[in-house]
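Biologist: Before the terms are applied, I should like each one set against its cut-off. Please take the examples in turn.

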Amino acid sequence: MGQNACRDFTEQLPSLKQRYEIDVTIVNGENSADGNGITPFSSELLLGGGVDVITTGNHCFKRAEMTPVFEESSIVIRPANFGNGCPGKGYCVLDFGGYSLAVINLIGVSYMQAADNPFFCADKILKEIETKNIVVDFHAETTSEKKALGYYLAGRVSAVLGTHTHVQTADECILEEHTGYITDVGMTGVQESVLGVNKDIIIARLTTYYPQRHIYAKGRTTLNAVVLEIDKKSGACRRIKRIIE
């Protein structure tokens, strides 16, 4: 949530990589820019700080200057079920020589903007991907839709990780002894806030019903994440651990 949170995250990332022996770092960066969305500057903050893949969500096209980045980058991706008419790619495959990892970005349709069916979109992409190591970022509003996709893809992907609600859930598990799952990874942003936004602004909007300009809160940053341990040969998730720093 905002550029300060990006900086705080990238400052902590080297120690997190060492502590948890992390090979690949995936970040949902769709709120990384100050004032909403993602910009070339905020995406570069994350990539330059050690992030390997940036996924996004419903705010990905808020900034027109991001269009060339989506068109040219193979590791800054947007929801695949937005359709082929949108700039950018919906998934990427990282080749590490001895193994490869695919990252798929999908968006939910319950209480969200119109998009193609994420279940059928996932089926189509899985036919195109050869690696068994597959992580899905499902950017969705409802717990039920996230849970349903987790079970739908269980045994076929390494992990289904929910994003969007900014609140980390405590339901991490491994579905069918293969697919790591959590309903929402949470956010990296100021702890004393409402989903990363200055709390007084949100209180004013909800008590006066008058539009308010969102400004990110200032203060101590809380880092939310999950660490996955994936068997490179089978693609099975052996361990999923929540992080709250």
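Biologist: Why are D184 and K146 called buried or exposed, whichever applies?

Modeller: Both D184 and K146 are buried. The term buried means under 20% relative accessible area, exposed means over 50%, and partly exposed lies in between, with a 1.4 Å probe and protein chains only. K146 has 2% relative accessibility, so K146 counts as buried. This is a predicted model, in which local features need pLDDT of at least 70 and side-chain atom pairs count only at pLDDT 80 or more, while totals for chains, interfaces and linings use all residues. Residues are numbered from 1 along each chain as its sequence is written, and side-chain values use heavy atoms, with hydrogens and water left out.

Biologist: What makes D184 and K146 a salt bridge?

Modeller: A salt bridge requires a side-chain nitrogen of Lys or Arg within 4 Å of a carboxyl oxygen of Asp or Glu. The side chains of D184 and K146 meet at 2.9 Å, N to O, and therefore satisfy that limit. D184 lies in the loop between β8 and β9 (189-190) and K146 in helix α5, so the pair ties together parts that are 38 residues apart in sequence. Helices (H or I, at least four residues) and strands (E, at least two) are DSSP runs, numbered from the N terminus.

Biologist: Which residues does K146 touch, leaving aside those up to four places away in sequence?

Modeller: Contact means heavy atoms within 4.5 Å. Among the residues that K146 touches are F138, E141, T163, Y181 and D184.

Biologist: How do you know that β8 pairs with β6 and β7?

Modeller: Two strands pair if DSSP finds at least two bridges between them. Three bridges join β6 and β8 in the parallel sense, and three join β7 (residues 173-175) and β8 in the antiparallel sense. Opposite Y181 in β8 stands V160, and opposite G180 stands I174. From β8 (residues 179-182), T179 and Y181 point one way and G180 and I182 the other, and all are buried. The hairpin of β7 and β8 has three residues between the strands, and there E176 takes a positive phi near 50°.

Biologist: What makes R19 and E245 a salt bridge, and how exposed are they?

Modeller: The N to O distance in this pair is 2.7 Å, so the salt-bridge limit is met. R19 is in helix α1 and E245 in the segment after β12, 226 residues apart. R19, at 47% relative accessibility, counts as partly exposed; E245, at 25%, also counts as partly exposed. The structure holds eight salt bridges.

Biologist: Why is E192 called exposed, whereas K199 is called partly exposed?

Modeller: E192 has a relative accessible area of 56%, so E192 is exposed. K199 is at 33%, and therefore counts as partly exposed. The closest N and O atoms of E192 and K199 are 3.2 Å apart, and the two form a salt bridge.

Biologist: What makes a space a pocket, and what lines the largest pocket?

Modeller: On a 1 Å grid over the protein atoms alone, a pocket is an open set of points with protein on both sides within 12 Å along at least five of seven lines, where a 1.4 Å probe fits; lining residues have an atom within 4 Å of a point. The largest pocket is lined by 48 residues, and T25, I26, V27, A225 and V226 lie nearest its centre. The largest share of this lining, seven residues, comes from β11.
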